[in-house]
Amino acid sequence: MRIYPCTLEAYRDLIAVSLGRKPPDVWLKNAAYLNVYTGQVERGHIYVSGNRIAYVGDKEFAVSPNTQIIELEQRQIVVPGYIEPHAHPCQMYNPFTWGVSQLRQGSVLSINDNLSLLMLLGERAISFIEELDQISSHMFLWWCNFDQVQAGDRDLLKTWLAHPLVIQGGEITEWFQLLQGDEELLERLHLLKRACLRVEGHLPGVSYEKISGIAAAGIGADHESLNTDDVLKRLRLGLYASLRYSSIRPDLPDILAGLAGDPRFNLSRVMLTSDGPSPHFTEEHSIPAMIKLCMEAGLSAAEAYRLATLNPATYYGLDEDLGGIAPGRLASFNVLDSLNEPAPLHVMQQGTWRIWDREDMQPADEAAVASWLHSYFPPPRVPAELVPGQVREQGSTGIELVNDVITKPYEFIAGEPLEAEESFMTLLDSKGKWTLHTRIKGFASGVTALASTYSASGDTLLIGRSEKGICDILQELNKRGDGILAYFINGEKLHIPLPLGGIMSAGNMEEISESLGLFAHRMKEHGYRFRDPAYTLLFLTASHLPNIRMSAKGLYLVKNGHVIASPVRLDTR
């Protein structure tokens, strides 16, 4: 009983109900349920005491007038609540909105990245996750980022490691520094292992030998398998493998085709994750959608559902609380129309029906939630303006897109007119103190200008076919407020407001999903060749992906850290 310990009184009641000595609070009468421990569909009575399951079996116990009696239809079936083992809750949606969306899809718990909260809130991030835990019906647990925070800030790291809502460290993106003997990173990782926390890797395309070294350091799982060989590599070295189905890596169907029926793949050490999809992909890449893909690929129903229930619960040491329909577990489960349709009809969360007939039973006060969110995430940006003379190329090396997020350097002739696939690109410091200028190739030729405060670094990204266009769109962004603003060659303008910290919407998932879907559609109409333009904007300033990036460090090569061009201070011009 690790997540939500019982009070002595609740513990006493739980045992009394399990023995038939006290009436239950809820009785699911003769319900069909998936027993993930045996792999069988069974039928029996499910009794709930408070927020936990007290009994599952054939006996009929006495009830009271206060007992809620539920008789499901014969075809309907109860399955454990789903677990999202690797979530990024600030991907234009905010954490509260993420939780609402997850619960509707039957995911009762998610394990979440704290990096955006650290960047935006610093020490206040702890109070935010505590308050979120109180107001959200979805259960949030967190991982503590330890390789991206300021190197000297050990006290903040220790505070997170000691917090009861934190159960993991990671995801470690700077693993190459660890293997090169970085002492600070090694000591931080040692702190996590001494705290008995799991640590997750971020290991795309990494060799068997290097993963071996990382496994020796105590990394227990990874979600970056690109194919079945990658999955097997991780399993052979003792890691759990999370199979990803994300908006930028939709590899799951191909991976499943390769592992279904192959005895080398121990499915008890495999999980499913959407890895922080963009808003307009949250339904298509949900846990129910992934379970369905698993069954369509030939996995049995029990195998498919375990990947999203028992397996992540076991990996995180939460199987006393979640992962199955059994006595002592939290009463957090889904009612489906059939095993073939994993999207839930009803969702019980800790003994309370939160979703019934796919409708929220206790919808949040949206105005109150928005006010609370705004109190934590005011606009961080100091508005600044540029004139065309300040938008000057630095050097002759630009960034070419290989796919949504992978880049490579290319050479251009400074001062020469743009080619058809080129645009100017500027990174403007969020505090208005510096700029960095280059070109980008392969973005979207029909986008005349674009401004985005949605970036991994928190700075403002400006892309345009002319220096004046960059200056004009920045001026309009300052008037409209933080978010993404795009000008298209046909004269259309599109603005996505992201008022929370410059990276998140205050609206519900449906609103932000519709906006992002329209943005992606327009981008593709105007020359964007990949799947998810939001991730392109996010990761142009990320330090953990190849090959060339922009940040306060400058325009630099990721592999060796070589700085090609340094930021230019605005106040020195």
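Where is S278 found? This residue opens the set of close-up views, all drawn from a predicted model.

**View 1. S278 and its polar partner D532.** S278 sits in the loop between β13 (270-273) and α11 (287-296). S278 counts as buried, because its relative accessibility is 2% and buried means under 20%. The side chain of S278 makes a polar contact with the side chain of D532. The contact spans 2.6 Å.

**View 2. The salt bridge between R52 and D321.** Side chains of opposite charge can pair when their charged atoms come close. Here the closest N and O atoms of R52 and D321 are 2.9 Å apart. The pair links distant parts of the chain, 269 residues apart. R52 belongs to strand β3 (residues 52-57). D321 lies in the loop between α13 (310-315) and β14 (333-336). Are the two partners buried or exposed? R52 is buried, with a relative accessible area of 1%. D321 also counts as buried, at 0% relative accessibility. The structure holds 25 salt bridges, and this pair is one of them.

**View 3. The salt bridge between E393 and R439.** The N to O distance in this salt bridge is 2.3 Å. E393 lies in the loop between α14 and β18 (397-401), and R439 lies in strand β21 (residues 434-441), so the salt bridge ties together parts that are 46 residues apart in sequence. E393 is partly exposed, with a relative accessible area of 22%. R439, in contrast, counts as buried at 2% relative accessibility.

**View 4. The salt bridge between R522 and E492.** The closest N and O atoms of this pair are 3.0 Å apart. R522 is part of helix α16. E492 is in the loop between β24 (483-488) and β25 (493-497). The two residues are 30 apart along the chain. E492 is partly exposed, with a relative accessible area of 25%.

**View 5. A network of salt bridges.** Which residues are linked in this network? They are R154, E184, E187 and R188.

**View 6. E200, buried without a salt bridge.** E200 lies in strand β10 (residues 198-201). E200 is buried, yet it has no salt bridge. The nearest side chain of opposite charge belongs to R234, 9.0 Å away. A salt bridge needs the nitrogen and the oxygen within 4 Å, so R234 does not qualify. E200 does have a polar contact: its side chain joins that of H223 at 3.1 Å.

**View 7. S375 in helix α14.** S375 is partly exposed, with a relative accessible area of 43%. A polar atom of the S375 side chain lies 2.5 Å from the backbone oxygen of W372. G220 is 155 residues from S375 along the chain. The C-alpha atoms of S375 and G220 are separated by 37 Å.

**View 8. The second largest pocket.** This pocket has a volume of about 580 Å³. Its lining is made of 29 residues. The closest to the centre are F96, V100, D360, P363 and A364. Which elements give two or more residues to the lining? They are α2 (95-104), α4 (125-135), β16 (352-356), α14 (366-376) and α16 (509-525). Helix α2 gives the largest share, with 7 residues. By class, the lining has 12 nonpolar, 11 polar and 6 charged residues.

Terms used: Residues numbered from 1 in each chain as written. Predicted model: local features only at pLDDT ≥ 70, side-chain atom pairs only at ≥ 80, totals over all residues. Heavy atoms only, no water. 1 Å grid on protein atoms, 1.4 Å probe; cavity = no way out; pocket = protein on both sides within 12 Å on 5 of 7 lines; lining within 4 Å. Points joined across faces, edges and corners; volume = space filled by probe spheres on them. Helix = DSSP H or I, 4+ residues; strand = E, 2+ residues; numbered from the N terminus. Nonpolar A, V, L, I, M, F, W, Y, C, P; charged D, E, K, R; others polar. Buried < 20%, exposed > 50% of the residue type's maximum accessible area, 1.4 Å probe, protein only. Lys, Arg positive; Asp, Glu negative; His and termini not counted. Polar contact = N/O pair within 3.5 Å; in protein donor to acceptor, adjacent residues only side chain to side chain.
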